[in-house]
Amino acid sequence: MDSEINERELLDEEQYSAETHLIYGKNISTKWDYSHHVVSPLSSSVIFRLDSVERGAEGFMEFANTDILQSETNPIYIYDRLGEPNKDLLEENLSYIEKGEMAVTFTTGMGAISAVLGVLLKAGDEIVAHRTLYGCTLSLFKNWYPRLNINYVSCDLTKHSLLNEKITSKTRVIYFETPGNPNLDLIDIGEIRKFVDLENSEREPTDKIYIVVDNTFATPFCQRPIELGADFVVHSLTKGIGGFGTDMGGAVIGPKKFRDILLLYRKDFGAVLGTKAAWTILTYGLPTLHLRISRQTANAMKIAEFLAIHPKVEFVNYPGLKSYKYFELAQKQMRDFNGNFAPGSLLFFGVKGETLEEQKEKARALMNYAAKNAYTLTLAVSLGTQEH
Ligand SMILES: *Cc1c(COP(=O)(O)O)cnc(C)c1O
């Protein structure tokens with residue numbers, strides 16, 4: 001390292017805005033030893049030269065051993081499934097932007113969700129989750145957890161006082177999305193925190209309840225759940241953070257003491273984020289997050305206002321509308337990096353009809369019409385990309 005770089009090392013990164021940080025990342029990172037590249041290199045080597053048996057042994061010792069890994073020295077990379085520079089760089093930036101102590105990435109959002117719950121839950125435990133959830137998360141809880149003897153309890157967490165009836169001595173995790181997929185239910189993270197703190201104050205350390213929030217719909221641009229009281233945040237990086245619809249990814253952000261067990265879980269269950277996906281999200285997704293989501297939010301607001309007064313529309317759920325059921329909570333919880341109200345880019349609406357059947361029929365006709373005729377509306381799954 002030359003003296004020029006040493007001077008840059010002394011830069012105080014905290015004096016720069018979150019937006020700037022997402023573009024420049026860590027000004028010097030030990031995760032990347034090509035100091036003259038402006039864009040981090042796309043590393044696509046699965047294996048790494050170990051130089052000597054001793055260095056190999058040291059690398060295996062350091063893996064998933066945060067305590068002995070010095071942040072000032074370059075990690076000894078061994079094999080992609082254990083770790084490599086692109087994922088490590090992305091993880092540094094994700095933990096920064098979500099205000100968590102550490103991040104671990106996974107191959108998809110579902111990989112991240114099953115990993116954080118895999119390390120927090122064991123046979124005999126219970127998970128209390130909001131009654132509406134992303135379909136595959138619900139399927140994980142309903143179809144797979146019974147096989148592991150993990151009990152899934154559904155609760156309307158928009159009414160947090162209902163938790164009293166749902167919590168048992170076996171509860172280990174409270175899980176929700178806010179805003180929720182697909183109907184944009186909003187859950188008060190601070191109130192859930194208060195409840196859990198009270199409950200945990202009477203529990204042994206091994207029996208504590210953790211709060212896991214899926215922040216995919218809001219993205220960290222609109223909301224940072226850890227600051228509001230969550231223990232863990234999970235993301236589908238495939239959506240708003242990735243932003244271009246070219247790669248899948250997932251992440252868990254949370255307390256440092258869980259980093260090692262998450263890395264061990266990732267190593268053994270194998271849902272490792274590919275290097276190319278990590279590089280794409282790091283290079284294109286994160287640096288443009290604030291621009292994309294702030295513009296999408298402004299667009300969503302206009303569409304919500306248009307729909308809200310449309311004679312054929314029954315209801316619009318959008319956190320930016322005064323008529324939204326949780327408008328006050330949205331204003332409290334959903335804030336961008338500078339503290340401005342950031343109601344997000346997603347909305348949910350229903351069309352009018354005499355009966356539920358008629359409403360469904362009209363909605364189907366509207367979607368098919370748009371799918372066939374619209375230039376800028378795309379009928380597709382997923383969300384948060386530039387086209388839809
Ligand atoms: C898409 C999505 C997921 C799953 O993410 P994948 O990357 O598709 O595995 C989880 N939660 C929410 C809210 C989602 O929208």
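These legends go with a handful of close-up views of a predicted model.

**View A. The ligand sits among 14 surrounding residues**.
Start with the names to look for: the closest residues to the ligand are G109, D214, S236, T238 and K239. If you sort the whole shell by class, you get five nonpolar, seven polar and two charged residues. Helix α5, which covers residues 109-120, gives the largest share of this shell, with three residues.

**View B. Polar atoms of the protein meet polar atoms of the ligand at G109, M110 and D214.**
Let's take the backbone first. At G109, a backbone N or O atom lies 2.8 Å from an oxygen atom of the ligand. At M110, a polar backbone atom is 2.9 Å from an oxygen atom of the ligand. Now for a side chain: D214 has an N or O atom there that is 2.6 Å from a nitrogen atom of the ligand. How much of the ligand does the protein bury? On its own the ligand would expose 380 Å², and the protein buries 95% of that area.

**View C. The largest pocket holds about 2,000 Å³ of space**.
There are 47 residues in its lining, and those closest to the pocket's centre are I303, L347, F349, L377 and T378. Two helices and two strands give two or more residues each to this lining: α12 (275-308), α14 (356-373), β8 (313-317) and β9 (348-351). Which classes of residue make up the lining of the largest pocket? It has 26 nonpolar, 14 polar and seven charged residues. Domain 2 (85-286) and domain 3 (289-373) each put at least three residues into the lining of this pocket.

**View D. The largest cavity is a space of about 210 Å³**.
Rolling a probe the size of a water molecule over the atoms shows where empty space is left. In this structure there are four cavities of 30 Å³ or more. The largest cavity is lined by 17 residues, and F63, P75, Y77, L82 and G83 are the closest to its centre. Sorted by class, that lining comes out as nine nonpolar, three polar and five charged residues.

**View E. Helices and domains share the lining of the largest cavity**.
Same cavity, but now look at where its residues come from. Helices α3 (53-62) and α11 (259-269) each bring at least two residues to the lining. The largest share, three residues, belongs to α11. Zoom out to domains, and you'll find at least three lining residues from domain 1 (2-62) and at least three from domain 2 (85-286).

**View F. Two cis peptide bonds lead into P179 and P182.**
Most peptide bonds are trans, which makes a cis one worth a second look. Where is P179 found? Look in the loop between β4 (171-177) and α8 (189-200). The bond from T178 to P179 is cis, and its omega is near -10 degrees. P182 also lies in the loop between β4 and α8. Its own cis bond runs from N181 to P182, with omega near 0 degrees.

**View G. A64 has a positive phi**.
Most residues other than glycine have a negative phi. A64 is not a glycine, yet its phi is about 55 degrees. To find A64, follow the loop between α3 and α4 (85-97).

Technical notes: Residues numbered from 1 in each chain as written. Predicted model: local features only at pLDDT ≥ 70, side-chain atom pairs only at ≥ 80, totals over all residues. Heavy atoms only, no water. 1 Å grid on protein atoms, 1.4 Å probe; cavity = no way out; pocket = protein on both sides within 12 Å on 5 of 7 lines; lining within 4 Å. Points joined across faces, edges and corners; volume = space filled by probe spheres on them. Helix = DSSP H or I, 4+ residues; strand = E, 2+ residues; numbered from the N terminus. Nonpolar A, V, L, I, M, F, W, Y, C, P; charged D, E, K, R; others polar. Domains from an automatic or database assignment. Near = heavy atom within 4 Å. Polar contact = N/O pair within 3.5 Å; in protein donor to acceptor, adjacent residues only side chain to side chain. Areas by Shrake-Rupley, 256 points an atom, 1.4 Å probe, with all protein chains shown as cover.
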